[in-house]
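Trainee: I would like a close look at a single part of this model. Please pick one residue and walk me through its surroundings.

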Amino acid sequence: MPAPPVSGKPVFRFAPSPNGRLHLGHALSALTNEALARRFGGRLLLRIEDIDRTRCRPEFERGIVEELAWLGIAFEPGPRRQSEHFDDYGRALAALRRRGLVYPCFCSRAEIREAVAIREAAGAPWPADPDGAPLYPGLCKGLDSDEAARRIGAGEPHVLRLDMAAALAAAGRPLGYGVFDARGARQAVTSAPGRWGDVVLARKEVPTSYHLSVVVDDALQGVSHVVRGRDLEAATDVHVLLQNLLDLPTPLYHFHPLLRDGEGHKLAKSRGSESLSALREGGVTAQAIRRRLGFAF
């Protein structure tokens, strides 16, 4: 894996996915990154997380760039587009496979739901991950390697999962990371990646995942300070584990509050939260957005 750029300054990044229009929650995250990068004398990078080529579209990327510029946020030139770096993620995945930490899974969502229902019918509730999804019940975990290779060769749909038990054993020690606040004060946090179970690291149609690509990108870009919403706080446990397994540095983390709608739901593209472009077209100014979110030019 190439060495990250050398810099004496802290490195921050804002990393949206071009699968829809930015909303106020994205603006809050981008402006928080800008404010902290300025406060700590750091660099600010833009990353386009477009590994899902079925949902990500060029017009959404253009909108992201235009709306961030409208907000007055200046990034270093030349954003990194994940879709141009699948080889980097492939090398990281291959390193995990060589250590026996990844296995193929051919289960459909329906098969997983059925297996979980059977287990719950036996009398005990099945555990869920921090996002509320049932943990994978390990149906393919003991699959014969020759049988798995035959099914992959036949083009059968599959994903590649991290063997969480083996990964934790390979890490060999309790894991944790540092969090920082707006004043620069730091605190150590213990992580618990096991609560995620055997997470998906790649799919047949998308040869990587958010978890894998984000840790590779942060390392290659020399990111030292990750600023993200509290909805991604739990996922950081998986990222810290992957950083350990791949011998990558662990950045410092800062988790900002989430914006919520009138029903208490976090703002999201999937919920049709009002976009920045719609606000802009309705006459709302960038200055008004900044004031609303607690930032000034």
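Mentor: Here is a close look at Ser29, followed by the chain around it.

This is a predicted model, where local features need pLDDT of at least 70, side-chain atom pairs count only at pLDDT 80 or more, and totals for chains, interfaces and linings use all residues. Residues are numbered from 1 along each chain as its sequence is written, and side-chain values use heavy atoms, with hydrogens and water left out.

Start with the place of Ser29. Helix α1 covers residues 24-39, and Ser29 lies in it. Helices here are DSSP runs of H or I with at least four residues; strands are runs of E with at least two, and both are numbered from the N terminus.

Is Ser29 buried or exposed? Ser29 counts as buried because its relative accessibility is 11%. Buried means under 20% relative accessible area, exposed over 50%, and partly exposed in between, with a 1.4 Å probe and protein chains only.

Now its neighbours. Leaving out residues up to four places away in sequence, Ser29 touches Phe14, Val227 and His256. A contact means heavy atoms within 4.5 Å. With His256 there is also a polar contact: the two side chains are joined at 3.2 Å. Such a contact is a pair of N or O atoms within 3.5 Å; within protein, one must be able to donate a hydrogen and the other to accept it, and residues adjacent in sequence count only if both atoms are side-chain atoms.

Step back to the chain. It has ten helices and ten strands. Of its 297 residues, 48% count as buried. Its C-alpha trace spans about 60 × 40 × 35 Å along the principal axes.
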